[in-house]
Amino acid sequence: MEFGKVQYFERVETKHHREFIQAHNNCILCSSVLELRHIRTDEALEIKEEAYCPQCDLRTRAKNYTMN
Ligand SMILES: [Zn+2]
C-alpha cells in the first residue's frame, strides 16, 4: 500500500502538478490535512521529509535528502 502511494507522487511529472500537490497536502485516502515533518540528522547530511495523516495514522510520504 505504502509503496503504491510513493509511486503515485513520483509519477507526477509536470511542475504544475507537483506544485499543486505541495500546496494541497491532503491525505489521498481521507483528504485530511497532512502534517509535514522535516527531520535533520545530527550530522546534518540527510534531511528526512514525512507527510503524516493523523486520521489514518499513516505516513503517506517519506523522502530522504542526502547531501554527501
Ligand atoms: Zn488519511
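In which strand is Asn64 found? Asn64 belongs to strand S3, which covers residues 58-66. The model is a predicted one, and the account below goes from the chain as a whole to its strands, then to the loop before S1, and returns to Asn64 at the end.

The chain contains two helices and three strands. Read from the N terminus, the order of elements is α-α-β-β-β. The chain has 68 residues, and 7% of them count as buried. Among its contacts between residues at least 6 apart in sequence, 22% join residues at least 24 apart.

Confidence should be kept in mind while reading the model. The mean pLDDT of the chain is 70, with 57% of the residues at 70 or more. The lowest confidence in the chain falls in helix H1, residues 2-10, where the mean is 53. The highest is in S2, with a mean of 84.

The strand pairing can be followed from S1. Strand S1 spans residues 35-40 and strand S2 spans residues 46-53; the two run antiparallel and are joined by six bridges. Two of the pairs can be picked out by name. Arg37 stands opposite Glu50 of S2, and Ile39 has Lys48 of S2 as its bridge partner. The hairpin formed by S1 and S2 leaves five residues between the strands. In this hairpin, Ala44 adopts a positive phi near 60 degrees.

Is S1 buried or in the open? S1 has six residues and the number of them buried is zero, so the strand lies largely in the open.

Tyr52 is a useful residue to look at in S2. With 16 other C-beta atoms within 10 Å, which is under the 20 needed for a buried residue and over the 12 allowed for an exposed one, Tyr52 is classed as partly exposed. If neighbours within four places in sequence are set aside, Tyr52 is in contact with Leu34, Glu35, Arg37 and Arg59. Arg37, one of these contacts, is the residue that stands opposite Glu50. Tyr52 can also be related to Val33, which is 19 residues away along the chain; the C-alpha atoms of the two are separated by 8.8 Å.

The next stretch to examine is the loop that precedes S1. Helix H2 covers residues 15-23, and Ile28 lies in the loop between H2 and S1. Asn26 lies in the loop between H2 and S1, and so does Ser31.

Asn26 has 14 other C-beta atoms within 10 Å, so it is partly exposed. Not counting residues up to four places away in sequence, Asn26 touches Ser31, Ser32, Val33 and Leu34. Asn26 and Ala51 are 25 residues apart in sequence, and their C-alpha atoms are 9.1 Å apart in space.

Ile28 counts as partly exposed because it has 15 C-beta neighbours inside 10 Å. Its C-alpha atom is separated by 9.5 Å from that of Cys53, a residue 25 places away along the chain.

Ser31, one of the residues that Asn26 touches, has a positive phi of about 65 degrees although it is not a glycine. How many other C-beta atoms lie within 10 Å of Ser31? There are 11, so Ser31 is exposed.

That leaves Asn64, the residue of the opening question. Asn64 has 10 other C-beta atoms within 10 Å; it is exposed because a count of 12 or fewer falls in that class. Which residues does Asn64 contact, leaving aside its neighbours within four places in sequence? They are Glu46 and Lys48. From Asn64 to Lys48 the distance is 4.6 Å, C-alpha to C-alpha, although the two are 16 residues apart in sequence. Lys48 is also the S2 bridge partner of Ile39. Lys48 is therefore a convenient place to view both relations: the bridge to Ile39 and the contact with Asn64 of S3.

How values were computed
Residues numbered from 1 in each chain as written. Predicted model: local features only at pLDDT ≥ 70, side-chain atom pairs only at ≥ 80, totals over all residues. Pairing = 2+ DSSP bridges. Helix = DSSP H or I, 4+ residues; strand = E, 2+ residues; numbered from the N terminus. Contact = placed C-beta atoms within 7 Å. pLDDT = per-residue confidence, 0-100.
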